[in-house]
Amino acid sequence: MTVRIRHITVDCAKCYDLSLFWAAVTGFRENPDDPNLPEHTEAALEAPDGSTGMLFIQVPEGKAGKNRVHLDLQPTDATRDEEIQRFLGLGATLVGDFRKEDGTGWATLADPEGNEFCVERSAAERAAS
């Protein structure tokens, strides 16, 4: 037997705002038949290909420590460094920079609510090295 991961769920303080950030990062979109609204306590995003989505659930408690699970993102049509700059412009913060002089490595960022994620090199960058 196998299972499919339906959603990656993120507990957060402002689900609508965080869904906007992650929609811009991933290209995921809300369901047009069930749009996310600022007053909702849940916000869902769907992958364009219908695969795993993201679900943001408003909770009263704040983030208390390092994430036990995080996402590793690989750019598909830009370089790692271009995406890092784009994410910073969207409101992410740089948590740790593990990029090396030879072009390898990754960076750890945090979304506007402090949830960590990593940005790796694109497939094209990996193939070129």
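This passage describes a three-stranded sheet, the helix that lies across it, and the largest pocket of a predicted model. Local features require a pLDDT of at least 70 and side-chain atom pairs a pLDDT of 80 or more, whereas totals for chains, interfaces and linings use all residues. Residues are numbered from 1 along each chain as its sequence is written, and side-chain values use heavy atoms, with hydrogens and water left out.

Three strands (DSSP runs of E, at least two residues, numbered from the N terminus) form an open sheet in the order β1-β3-β2, with mixed pairing, two strands being paired if DSSP finds at least two bridges between them. Because β1 (7-12) and β2 (42-45) each have a single partner strand, they stand at the edges, and one side of each is left without a neighbour in the sheet. Between β2 and β3 (residues 53-58) the pairing is antiparallel and runs over four bridges, and Glu42 stands opposite Ile57 in β3.

Helix α1 (residues 15-26) lies across β1, β2 and β3, where a helix is a DSSP run of H or I of at least four residues and contact means heavy atoms within 4.5 Å. The helix runs at about 160° to β3, the angle being taken from 0 to 180 degrees between N-to-C directions of axes fitted to C-alpha atoms, for helices over the stretch in contact.

The largest pocket (an open set of points on a 1 Å grid over the protein atoms alone, where a 1.4 Å probe fits, with protein on both sides within 12 Å along at least five of seven lines) has a volume of about 490 Å³, which is the space filled by probe spheres set on the points, joined across faces, edges and corners. Its lining comprises 24 residues, each with an atom within 4 Å of a point, and Thr9, Val10, Asp11, Asn67 and Asn115 lie nearest the centre. The largest share of this lining, five residues, comes from β1.
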